[in-house]
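Colleague: I'm new to this, so could you walk me through the model?
Modeller: Sure, have a look first, then ask away.

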2 protein chains.
Amino acid sequence: MSLKHVILTLIHQAPSTGYEINKSFEQKIGYFWHASHQQVYQELAKLKKTEMLTCEHKPQTDKPDKKIYSITVKGRDELRKWLHQSLPEKKYKDILLVRLLSADLLPLDKLCEQIQKAAEFEQHRLDEFLHIQKQCYSDEQKKYLSALDKRLFINMRKGILLAEAELAWAKEALETLQN
Amino acid sequence: MSLKHVILTLIHQAPSTGYEINKSFEQKIGYFWHASHQQVYQELAKLKKTEMLTCEHKPQTDKPDKKIYSITVKGRDELRKWLHQSLPEKKYKDILLVRLLSADLLPLDKLCEQIQKAAEFEQHRLDEFLHIQKQCYSDEQKKYLSALDKRLFINMRKGILLAEAELAWAKEALETLQN
DNA sequence: TACTGTTATGCAATTATATGCATAAGGAAC
DNA sequence: GTTCCTTATGCATATAATTGCATAACAGTA
């Protein structure tokens, strides 16, 4: 439903290869959308078949050949249409919360360990975001952000706020469990 | 991967029918795990076939017949095994953040409308949680929580903290966009 | 020279989810 | 009396996502 549009969004920003799109998913985009490389290549093939994208073949001598995809008018129309649709309901999936429900089969210390580990992961995420914030968005820089940079800033802020909430929860949860 | 274990968790707590499990997903469980009724019935059939669950058929005269599922020893072992596995990485999917990236195809006012709508949904969620918190977890009551109630409390707290973070983000985002 | 990592693509098979439709009986509302 | 809601189950099909495997050339390193 949406991976299609995520990819269209990326290629709309700039023509790209599957490899580059995969890199985006591994790096920045990965914080708010997850996709494997197989999924990406399959989706690109589908988008080409339905004429949302065109593909230019770029042979290379030293490295494997590239396929550079560009968005078509049809693709841009589809993207615009999707952007105007109302947001589908969020589908929450939080394994840790499920595990809490059957913790009588999981010793308290093991459970706390899992919460601890999840917290460390979030801390790592948060640190990365905070680093970006420091580097790219000083109070001075924030005054003169372009429209695009504003949007990137907002996205990063969500990463920060959610990671902080996760961390606050983990702390509280550990205290309550071990009280 | 996990729906299986979510269902095992629920039936481990108490033998249930597919209908009851679906109710759980629509209500409380829905806040941290989403599943449709078709998915649930199919998964129950699979779990029965693989002998994780047994099924007792309860004919009823006034209403459609029930199938009451109970967890088997094999099912409980499977659940315990899963509980001890380390958590898989979270797979983030946030459509709103994707949409922010291609906002040049979406007028600012429409974008803000979508953020506003998402915020209203979160506010509704938050209100429900806060209501539960007020009803069930007064300062006095919190002192004497059973192990299970503690876990339920922790889950609810996550709902509250995350919803608050979403709301804080939405407010900030709207301010930045409209500055 | 063999191993590891990066660039670059993909197929095949399976599993997980979603979409649409179907049945059936009781009760409440209009 | 017909329409809608709740209880209770499910099938068939379609789409999305994961898992495992495969290819290939170069570059660095041990």
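Colleague: Where does B:Glu51 sit in chain B?
Modeller: First, some ground rules: this is a predicted model, where local features need pLDDT of at least 70 and side-chain atom pairs count only at pLDDT 80 or more, while totals for chains, interfaces and linings use all residues. Residues are numbered from 1 along each chain as its sequence is written, chains are lettered from A and ligands numbered from 1 in the order in which they are written, and side-chain values use heavy atoms, with hydrogens and water left out. Helices (H or I, at least four residues) and strands (E, at least two) are DSSP runs, numbered from the N terminus. With those labels, B:Glu51 is in the loop between α3 and β2 (53-58) of chain B.

Colleague: Is B:Glu51 buried or exposed?
Modeller: Buried means under 20% relative accessible area, exposed over 50%, and partly exposed in between (1.4 Å probe, protein chains only). B:Glu51 has 51% relative accessibility, so it counts as exposed.

Colleague: What is phi of A:Glu51?
Modeller: A:Glu51 lies in the loop between α3 and β2 (53-58) of chain A. Its phi is positive, in a residue other than glycine, with a value near 65°.

Colleague: What turn lays chain A on chain B?
Modeller: Copies are superposed by least squares on the C-alpha atoms of residues with pLDDT of at least 70 in both. Here the RMSD is 0.1 Å and the shift along the axis is 0.0 Å, with a turn of 180°. That's the relation of a two-fold axis.

Colleague: Which residues come nearest to DNA strand D?
Modeller: A residue is near a strand if one of its heavy atoms lies within 4 Å of it. There are 26 residues around DNA strand D, and those that come nearest are A:Met1, A:Gln39, B:Tyr19, B:His37 and B:Lys67.

Colleague: And how far is the side chain of B:Tyr19 from a phosphate oxygen of DNA strand D?
Modeller: A polar contact here is a pair of N or O atoms within 3.5 Å; within protein, one must be able to donate a hydrogen and the other to accept it, and residues adjacent in sequence count only if both atoms are side-chain atoms. A:Met1 uses a backbone N or O atom, 2.7 Å from a phosphate oxygen of DNA strand D. For an N or O atom in the side chain of B:Tyr19, the distance to a phosphate oxygen of that strand is 2.4 Å.

Colleague: What share of the atoms of DNA strand C within 4 Å of the protein is sugar and phosphate?
Modeller: Of the 25 residues around DNA strand C, those coming nearest include A:Tyr19 and B:Met1. On the strand's side, the share of sugar and phosphate among the atoms within 4 Å of the protein is 66%.

Colleague: Which side chain has an N or O atom 3.1 Å from a phosphate oxygen of DNA strand C?
Modeller: There are two to mention. One is in A:Gln60, and the other is in A:Lys93.

Colleague: Last one: what span does helix α6 of chain B reach?
Modeller: This helix covers residues 108-136, which is 29 residues. The expected span is 1.5 Å times one less than the number of residues. That gives an expected 42 Å, and the helix comes close to it, reaching from first C-alpha to last 42 Å.
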